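Colleague: Could you take me through one part of this model slowly, as you would for someone in their first year? Pick a strand with a lot going on around it, and tell me what sits beside it.

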Amino acid sequence: MDMNAPPPPTTPKRARACATPADWQEELMTLPTGLAVPTYWWHPPQEHLTPVSELSSAAVLCLHGAGDVALCWAQVARKLLRDQRLGGNAIVSADLRGHGRACFGHEPLDESLRLERLLPDMLALVKCISDRVEGEGLILCGHSLGGAVAARAAQEALKMKPPLPVRAVVLLESV
């Protein structure tokens, strides 16, 4: 075993194959929960932006399933950006705790995947992203485990004072 060889990539092969760094921007967001979450941003083309602002007025936050990573949303993000009905929304995906580059080496995997463990991270992420886009709110979109997190985060976001601006939730094969 070559000790000088670079470590293997943490992104699954199929996600690497469909994610081209030229069309997304990576941003590491450090949350109040202490987790540094890699987020990936796809911005709408200039022709889809409203004249009011050159920045996105809202965002679609896409959450992956168990055992996957944020970049699995790359192809979906590209297709969503071409849909003018979204009105210039940014598409954002994030690695959930225990996945991709948001892994904690000292936590047992089953501990990091509990909904009660993921929920505070997600509420903090929703707040950070909604503050950043300063717009109409977020649309949460989740697949499998990400769907369970999105549904629960939306429910809890509306209970907060003031409520977090979750505008809609899309659930795909949620658990």
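Modeller: Let's start with the whole chain and then zoom in on one strand.

Before that, some ground rules. This is a predicted model, so local features need pLDDT of at least 70 and side-chain atom pairs count only at pLDDT 80 or more, while totals for chains, interfaces and linings use all residues. Residues are numbered from 1 along each chain as its sequence is written, and side-chain values use heavy atoms, with hydrogens and water left out.

The chain has five helices and six strands. Those labels are DSSP runs, numbered from the N terminus: H or I of at least four residues for a helix, E of at least two for a strand. Walk along the sequence and you meet them as α-β-β-β-α-β-α-α-β-α-β. Of the 175 residues, 46% count as buried. Here, buried means under 20% relative accessible area, exposed means over 50%, and partly exposed is in between, using a 1.4 Å probe and protein chains only.

Now for strand S3, residues 58–63. Six of its six residues are buried, so S3 is largely enclosed by the rest of the structure. In a regular strand, side chains alternate between the two faces of the sheet. You can follow that here: Ala58, Val60 and Cys62 point one way, while Ala59, Leu61 and Leu63 point the other way.

Who are the neighbours? Strands pair if DSSP finds at least two bridges between them. S3 pairs in the parallel sense with S4 (residues 90–94) over five bridges, and also in the parallel sense with S5 over six bridges. Cys62 is a handy spot to look: its bridge partner in S4 is Ser93, and in S5 it stands opposite Cys141.

Two cysteines facing each other may make you think of a disulfide, which is a pair of cysteine sulfur atoms within 2.5 Å. The structure holds zero of them. Cys141 is in no disulfide, and the nearest cysteine sulfur, that of Cys62, is 4.7 Å away. Cys141 also counts as buried, at 9% relative accessibility. Elsewhere, Cys72 is partly exposed, with a relative accessible area of 22%.

Stay with S5, which spans residues 137–143, and find Leu138 in it. Leu138 counts as buried because its relative accessibility is 0%. Its C-alpha atom is 5.7 Å from that of Val60, although the two residues are 78 apart along the chain. Contact means heavy atoms within 4.5 Å. Leaving aside neighbours within four places in sequence, Leu138 is in contact with several residues, among them Ala59, Val126, Ile129 and Pro165. Ala59 takes us back to S3, on the face that also carries Leu61 and Leu63.

Those links across the sequence fit into a chain-wide count: among contacts between residues at least 6 apart in sequence, 74% join residues at least 24 apart.

For a contrast with these parallel neighbours, look at S1 (residues 25–30) and S2 (residues 36–42), which run antiparallel and are joined by six bridges. They form a hairpin with five residues between them, and Gly34 in the turn has a positive phi of about 95 degrees. Leu28, for instance, has Pro38 as its bridge partner in S2.

To recap, S3 pairs with S4 and with S5, and its six residues are buried.
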